[in-house]
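Okay, thanks everyone, I'll keep this short. Let me put the sequence and the structure up, and then we'll walk through one helix and zoom out from there.

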Amino acid sequence: MDLNTIDFSKKQGFICDMDGVIYHGNMLLPGVKEFVAWLRKENKRFLFLTNSSERTPRELQQKLARLGLEVGECHFYTSALATAEFLKKQAPGCSVYAIGEAGLLNALYDAGITMNDVNPDFVVLGEGKSYSLDTLTKAINMVIRGAKLIGANKDTTGPIENGICPACRALIAPIEIATGKKAYFCGKPNPLMMRTGLRLLDCHSEDAVMVGDRMDTDVVAGTETGMDTIMVMSGVSTMETVLTYAYRPTLILDGVGDIPKIDAAQKRERAKAAAVKEAEEAAAPKA
Ligand SMILES: [Mg+2]
């Protein structure tokens, strides 16, 4: 591996996808604790970013705590928060009909958006158990009457124990088909979500790294925002899937646990180079 593809001493901010990078289902991935300890020791700023709109930052914090990782609420950013931020900017004080879980509903309330199941300005869809033929039919008729259609994210499927479940993109498709209207999506790979992430970290894109396990969301989002990208093989992608895309990650690693190791190797190389330079200068004849 080329140790110098990304100079970790120069990077100030890390935006990390969660599923497949930090955990897999209810299992913390190997090397994650070391990675987070390294982020703290090196004073790096970091954000865990997820396209799932189901959980609030507090619930995500509690989930990681149950898995044995203590990280403050301020380190989480979800597609629900990105959606609420988008609506707050585009249409302050608007009303929505939302199909989703606490993560989405809380984010919308916190952004000053009200719920309306008669004539909302927007129909907003996340994922979750409130989705039914009844709520779907309601949403379709609201869109036909003029409500704009917003999806929290473009994920087509999510993992469950015995296979997959339909995610936001698949759940919103029936509304698009029935109404002939296209939804707008706020989560990854929408660069809006990445730019907000960078702003939360107070970090320029050149000084930040996006870490993820998917080419079609994480790597493309990081690339289009001007960040270096790290693809980890601890999630859903294989080397074959990586090679099918026109863009490529800056670095491919087995998992985030490799990052502290590479940084340590880079530090050793720099110390060695500095020692050689010092010896050369000492040996050089004085002018
Ligand atoms: Mg992932």
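So, which residues of H5 are buried? Four names here: Ala139, Ile140, Met142 and Val143. And they're not scattered around the helix: because they span an arc of only 165° about the axis, they end up on the same side of H5. Before I go on, bear in mind that this is a predicted model.

Now flip to the face of H5 that points away from that buried side. There you find Leu133 and Asp134, and those are exposed.

What do the buried residues of H5 pack against? Three strands and a helix, namely S6 at 95-99, S8 at 122-125, S9 at 148-151, and helix H6 at 168-179.

As for the helix itself, H5 runs over residues 133-144, so to speak a twelve-residue piece. From first C-alpha to last, H5 reaches 16 Å, close to the 16 Å you'd expect at 1.5 Å a residue. Just after H5 comes Gly146, and that glycine has a positive phi of about 120°.

Okay, zooming out. The protein splits into domain 1, which is 11-51 plus 188-268, and domain 2, which is 80-185. Take the C-alpha centres of domain 1 and domain 2, and they're 27 Å apart. How many residues does each domain put into the contact? Seven from domain 1 and seven from domain 2. On the domain 1 side, the residues touching domain 2 come out as two nonpolar, four polar and one charged.

That's my bit, happy to rotate the view if anyone wants another look.

How values were computed. Residues numbered from 1 in each chain as written. Predicted model: local features only at pLDDT ≥ 70, side-chain atom pairs only at ≥ 80, totals over all residues. Domains from an automatic or database assignment. Contact = placed C-beta atoms within 7 Å. Nonpolar A, V, L, I, M, F, W, Y, C, P; charged D, E, K, R; others polar. Helix = DSSP H or I, 4+ residues; strand = E, 2+ residues; numbered from the N terminus. Expected span 1.5 Å × (residues − 1). Buried ≥ 20, exposed ≤ 12 C-beta atoms within 10 Å, placed from the backbone. Arc of directions from axis to C-beta.
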